[in-house]
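User: I have a model open here and would like to talk it through before going back to the bench. Can we start with one spot and then work outwards?

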Amino acid sequence: MKVMVIGSGGREHALVRKLAQSPRVSEIVVAPGNAGIAREDGRGAAVTRVPIGALDIDELVTYAASNAVDFAVVAPDDPLVAGAVDAFAAAGIPAFGPNAAAAQIEGSKSFAKAFMARHAIPTAGYAVYDDEAAALAHIATCPLPVVVKADGLALGKGVTVALTREDAESAVREAMAGRFGESGKRLVIEEFLTGPEVTVLAFTDGKAIRPMVSAMDHKRLLDGDQGPNTGGMGVIAPSPLYTPEVAQRCEREIFRPTVDGLAEEGTPFTGCLYFGLILTEDGPKVIEYNCRFGDPETQVVLPLLESDLLTIFEATTNGTLGEVDVDFAPGAAACVVMSAEGYPASPRRGDPIDLPADLEEHVVMAGVAENEGQLVTNGGRVLGVVGQADTLAGALDLAYERTARISFAGAHYRTDIAHQFRHP
């Protein structure tokens, strides 16, 4: 089969790598991809890049229809919210991911919060504001810390955890002034919850739910969870804190009510539903939903997947997920993210990357380009270095050993990913 993968980052590289392992996949077209993803060509299925942006939906569908694409995988949030899956379906091309109506679960935080309230799904208390003065009045009296969220998509940067009223007021004013475009014109102001966070990605066809192994991301730039928030500086799977007992409670109180609630409301969700959870003293609660695979969670979850990814993808689109195997290997995986100098504010680009050839199969590439055959930095999060082993400590040791062998000017990475579990 010929499969099209839409997107250009580390998540997409991980998806292409896993799909290329399927005996049923003969060719993968990635749009627009990156120079690192193109290096997967010949390691299983043939891999080619097409210079079409992820939001150029009409052009993507036209290319797929005229080039005999059998199946499309829409990976990023923006095209999902914009209706890419709907457009592929209208052209008769099956596509992995939710339609635009179901993708609102990520596209609008106020929609998601109201949905959870309707279905008694545990989450933080909240209020929604379209008016700056009303939002500031709320900030003036609410308990601290407080969480200020842009309602719409903001490249993962629309959330502020404010420790002081001044910080909260600044977050409100900046968002309303257009920092996040239209996404910040409506704000969700939430109660601050405490506890360890865990991510669970789940395949669903709108009826059956197949949770993947849990993951734990590290958002802060610097060791000790200091510095600015990022898209993610490292991740492990599974999380030792996500016990079978917690998993059962999440299934009962969160996963099942979410999938059933979306179906009941006429917006059945198909694809990968991302549950961002916090394990509070009162039990697990939802921090956020995403309508797609997480980044960097995908980079550690997919290496542990033993079942055929294309078969699972097809089952989510044709309603047969309950009939297919979704099995994961024992053991653990870890990913250490190497970022460019200046990330996340203004990452430097164009620095040559020294990546030993024997490590390429263990590296997912995100912010990279090619200059006369030389890989160079081309974004904030440049590489994700992966280790997989029987134990979490072993996976982390492998990831760090490999990271130490890779270099580029200004390279930065955290040295304490999951340190509390590394050598207990």
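**Talking through the model**

Analyst: A good place to begin is A64, which sits in helix α3, spanning residues 57-66. Please keep in mind throughout that this is a predicted model.

User: Okay, is A64 buried or exposed?

Analyst: A64 has a relative accessibility of 1%, and because buried means under 20%, A64 counts as buried.

User: And what is A64 in contact with, leaving aside its neighbours within four places in sequence?

Analyst: With those neighbours set aside, A64 is in contact with M4, V69, F88 and I93.

User: How far is A64 from V259?

Analyst: The two are 195 residues apart along the chain, and their C-alpha atoms are separated by 30 Å.

User: Just past that helix I see A68. What is odd about its phi?

Analyst: A68 is not a glycine, yet its phi is positive, at about 60°. The residue lies in the loop that runs between α3 and β4, the latter covering 71-74. Its relative accessibility is 55%, and since exposed means over 50%, A68 counts as exposed.

User: Which other non-glycine residue has a positive phi?

Analyst: A120 has one, with a phi of about 55°, and it is not a glycine either. A120 is found in the loop between α7 and β6 (126-129), and with a relative accessible area of 65% it is exposed.

User: Switching to peptide bonds, where is there a cis one?

Analyst: One cis peptide bond joins A237 and P238, with omega about -5°, and P238 is placed in the loop between β15 (234-237) and α10. Another cis bond runs from D295 to P296, where omega is near 25°; P296 belongs to the loop between β17 and α11 (298-304).

User: Back to helices. Which residues of α6 are buried?

Analyst: Helix α6 covers residues 100-107, and its buried residues are A102, A103, I105, E106 and G107.

User: What do those buried residues pack against?

Analyst: The buried residues of α6 pack against three helices, namely α4 (77-81), α7 (109-118) and α10 (244-264), and also against the strands β16 (271-280) and β17 (283-290).

User: Now zoom out. How many helices and strands are there?

Analyst: The protein has 14 helices and 22 strands. The domain assignment divides it into domain 1 (2-101), domain 2 (125-191), domain 3 (197-323) and domain 4 (332-421), and the C-alpha centres of domain 2 and domain 4 lie 33 Å apart.

User: And the overall build, what is its radius of gyration?

Analyst: The radius of gyration is 21 Å, which agrees with the value near 22 Å that a compact globule of 424 residues would have. Along the principal axes, the C-alpha trace spans about 60 × 45 × 45 Å.

User: What share of the residues is buried?

Analyst: Of the 424 residues, 55% are buried. As for contacts between residues at least 6 apart in sequence, 66% of them join residues at least 24 apart.

User: Last topic, the surface and the charges. What are the numbers there?

Analyst: The accessible surface comes to about 16500 Å², and carbon and sulfur atoms account for 50% of that area. On the charge side there are 34 positive and 57 negative charges, and the mean positions of the two sets are 2 Å apart.

Definitions and conventions
Residues are numbered from 1 along each chain as its sequence is written. This is a predicted model: local features need pLDDT of at least 70, side-chain atom pairs count only at pLDDT 80 or more; totals for chains, interfaces and linings use all residues. Side-chain values use heavy atoms; hydrogens and water are left out. Helices (H or I, at least four residues) and strands (E, at least two) are DSSP runs, numbered from the N terminus. The radius of gyration is taken over C-alpha atoms; the globule rule is 2.2 Å times the number of residues to the power 0.38. Buried means under 20% relative accessible area, exposed over 50%, partly exposed in between (1.4 Å probe, protein chains only). Contact means heavy atoms within 4.5 Å. Accessible areas come from the Shrake-Rupley method with a 1.4 Å probe; for residues, only the protein chains shown count as cover. Lys and Arg count as positive and Asp and Glu as negative; His and the chain ends are not counted. The place of a charge is taken as NZ of Lys, CZ of Arg, CG of Asp or CD of Glu. Domain bounds come from an automatic or database domain assignment.
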